[in-house]
Structure formats: structure tokens, C-alpha cells
Amino acid sequence: HYMDVFLSSGQFWSGAAIILTTITLGQLSAQVHAATCMLDFVNSRSMLFTTYVSLLIENTGVLHSAYLVQFMFAKIAGKPIATKEKRGMLQKVSFWAKIVMSLVLLFCALAVTLSAMYQNKTTQWKLVPGYLSIAIFFLLMGFVGMFEALQIALFEVIHMPEDYFGNEDEAKANCDLAFKGKNLQAILIGRQICVTTGVFAIARMTTPTLLEGDETVFGSHPLVLQLFNTGLLGAFITTIVASLSWRIVAASFPLAFLSNPMMKHIIGLCLLLENSGICDSSWLFGLFHKAIAGLRGDEEYLGSRSFKKTAMEAESSVVGLDKVV
């Protein structure tokens, strides 16, 4: 009965329209050509601006708690973290101070968000009780995180020799499926659909609707309530818990992720979504974008013989920058 009411309401259809528009116009229309026009994509002032903004945000330290997850997994696995960065005493103090600051902000954001969810004071669907919303919230975070980790893990092993997999038959089978034909491109498109849908659902569940006079763990000042109602806390939590932490760990332990039995089903879901054609209009909009921006294929600059090898190296560089973002 509840599902019938939900599907017949405007909430479902308006939400689906927004998600589909965001995926098609805001993401895939550029991504479908980014893999083959990488040189023209990075050779622009907008990309330089994006890089500086990304590095500035990272340097503030608000997201540094994701590094703590990496250190914890490396300690558990007994695997040192490979890095060329050398920090002096001052840099080490600054780095760990940023981690502590990020953790404090994360716990504060979780306290406010979970409290509002439990009291049904968010934009979540009112028919769902608070305790169930919290459970769904953490399940969605894991759902989004698995898709985020999939992309990083695949690009980490793309250059690895056959003997790198050792006895990890499950990981090798998943890689064979992912790199077969044009499956990788299809997986990235299907993954984008899943991630965006999951993020929209999380945003719907975590955006508070606190009214003047409502009490929170940080008081009830109108400016505080307005800040919470923007949804920034949910975005902050999602960025660290559902994205960066999974990406960083997947980069350090790609085989562990690809050996997960769930990965086979996740890859299959990505292929199914892409094959459904639900976002195929992004190819048409991508052609418009390519023509307007004057993008040319990398093979025009590099030549067809060296194109594949150089493109794979560039792909790795782009993924490396994506980890920083």
C-alpha cells in the first residue's frame, strides 16, 4: 500500500526526472567523449581552474579523515603505503591536526543528521520510521561506496601482468568481464547511474527540515538551523564515508575489492543499466558538446599506433587526479 501511494505521487516521478537529467546532461554527456579526447579535455583553462579548486579544498583538511581509513587498512594488512612525499615535523603536525579537525567535523555532522533522521525531521519520506531510515542510510552509503571502489580498483589493475592476480581467481574473472570488448565504458556509465541515484536518495534522507525553536545538539539558534537545513552536512558525510574512504582503500587493495563476490553482481548491474538505453541520449548531447567545444580525438595528436598505450597512461593520470579530488 505504501509503495502504491509513493509511486502514484509526484515525488517519485519528479525525483526520477531530476536524477535522469543530472546523469544525462550534467555527467555522461561530457564523460562519453572524455576517454577518447583526454588531451583536449585537460588542455583548457576550465580544467586548470578545476584542478586548483580541488587542491585548495583538499588542502583545507576538512576531508582528511579519509586518510585515517587508509592508514587503518594498511596497518591491518601489514602493507606500507607507497608514497614519494616527504614530510618534515611541521608538515606532520599540520597533517594530523587536519585529520583530527576532519574527524570532529564528521562526528558533529553525523550527530546532527542521525538525530534529525530519528525524529523524522528531514526531507525523507514520512511513511518510513526514523530507525528504518537510519538503517537504509548506512546501506545506501555502502551501496554507493562499492560502486566508487569499483572504478578505482579496475583502473589500478588495468596495467598489471597476469601473474599479479596469483590465486585470486574471482578477481581475475571480474577483470576479464570488465575489460572484455567495450564493457569497461558500459560499466562506467552504469556505475554513474547507480552512484548518482544513490547520492540523490541519501541527500533526500539527510537534509534536515528544522523549524525555529527546534533543539539540536548544537542549540537552536536560527543561523545554526538554517545552516543545517542546507543539506551540507549530508553532502559532507557522503563525500567522506560513501566516496573518499572507499576510493582510497580500493586504490591500496584493488584485488581485495575485486575478489568480493558482490563485485560480479555489481558489474552485471552496471552492464544491465547501460544496455537498457535509459541514458543513451547522453551520446547525442555528447556530440553537440564535442562539436561546440571543438574536441578532437587523441589519435589525431598521438597517431593510431601509440594511441592505445598513451591513452591508458593518460587514463591512469586522470584517475590519480580523481583520487585527489
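The following legends describe close-up views of a predicted model.

**View 1. Helices α7 and α9 pack against each other at an angle of about 155°.**
Helix α7 comprises residues 130–157 and helix α9 residues 183–206, and their axes lie 9 Å apart. Because angles over 145 degrees count as roughly antiparallel, α7 and α9 are roughly antiparallel to each other. The crossing in which α7 passes α9 is left-handed. Residues of this contact comprise 19 nonpolar, four polar and two charged.

**View 2. V199 of helix α9 and M141 are separated by 8.4 Å between their C-alpha atoms.**
Along the chain, V199 and M141 are 58 residues apart. V199 has a relative accessibility of 33% and therefore counts as partly exposed.

**View 3. I193, another position to examine, is found in helix α9.**
The relative accessibility of I193 is 8%, so I193 counts as buried. In sequence I193 and E274 are 81 residues apart, whereas in space their separation is 8.6 Å, C-alpha to C-alpha.

**View 4. F95 and W96 form an edge-to-face aromatic pair.**
Eight aromatic pairs are present in the structure. In the pair of F95 and W96, the distance is 5.9 Å centre to centre and the angle between the planes is 85°. Planes over 60 degrees apart count as edge-to-face, and the pair of F95 and W96 is therefore assigned to that class. The two partners fall into separate accessibility classes: F95 is buried, with a relative accessible area of 8%, while W96 is partly exposed, with a relative accessible area of 41%. Both residues belong to one aromatic cluster, formed by Y67, F71, F95 and W96.

**View 5. F143 and F147 form an edge-to-face aromatic pair within helix α7.**
The ring centres of F143 and F147 are 4.8 Å apart, with 65° between the planes. Both residues lie in α7, four residues apart, which corresponds to about one turn of the helix. F143 is partly exposed, its relative accessible area being 33%. F147, by contrast, counts as buried at 1% relative accessibility. The cut-off for buried is under 20% relative accessible area, so the value of 1% places F147 in the buried class.

**View 6. N120 has a positive phi in the loop between α6 and α7.**
Helix α6, which spans 89–118, and helix α7 are joined by the loop in which N120 lies. Phi of N120 is near 55°, a positive value in a residue other than glycine. With a relative accessibility of 26%, N120 counts as partly exposed.

**View 7. Cysteines C108 and C175 are shown in a structure for which the search finds zero disulfides.**
A disulfide is a covalent bond between the sulfur atoms of two cysteines. The search that returns zero disulfides covers the whole structure. C108 counts as partly exposed because its relative accessibility is 27%. C175, at 3% relative accessibility, counts as buried.

Conventions
Residues are numbered from 1 along each chain as its sequence is written. This is a predicted model: local features need pLDDT of at least 70, side-chain atom pairs count only at pLDDT 80 or more; totals for chains, interfaces and linings use all residues. Side-chain values use heavy atoms; hydrogens and water are left out. Axes are lines fitted to C-alpha atoms, for helices over the stretch in contact, and angles run from 0 to 180 degrees between N-to-C directions. Helices (H or I, at least four residues) and strands (E, at least two) are DSSP runs, numbered from the N terminus. Angles under 35 degrees count as roughly parallel, over 145 as roughly antiparallel, 65 to 115 as roughly perpendicular and the rest as oblique. A crossing is left-handed if the near helix is turned anticlockwise from the far one by less than a right angle, and right-handed if clockwise. Ala, Val, Leu, Ile, Met, Phe, Trp, Tyr, Cys and Pro count as nonpolar, Asp, Glu, Lys and Arg as charged, and the others, Gly among them, as polar. A disulfide is a pair of cysteine sulfur atoms within 2.5 Å. Buried means under 20% relative accessible area, exposed over 50%, partly exposed in between (1.4 Å probe, protein chains only). Rings of Phe, Tyr and Trp (its six-membered ring) pair if their centres lie within 6.5 Å; planes under 30 degrees apart count as stacked, over 60 as edge-to-face and the rest as tilted.
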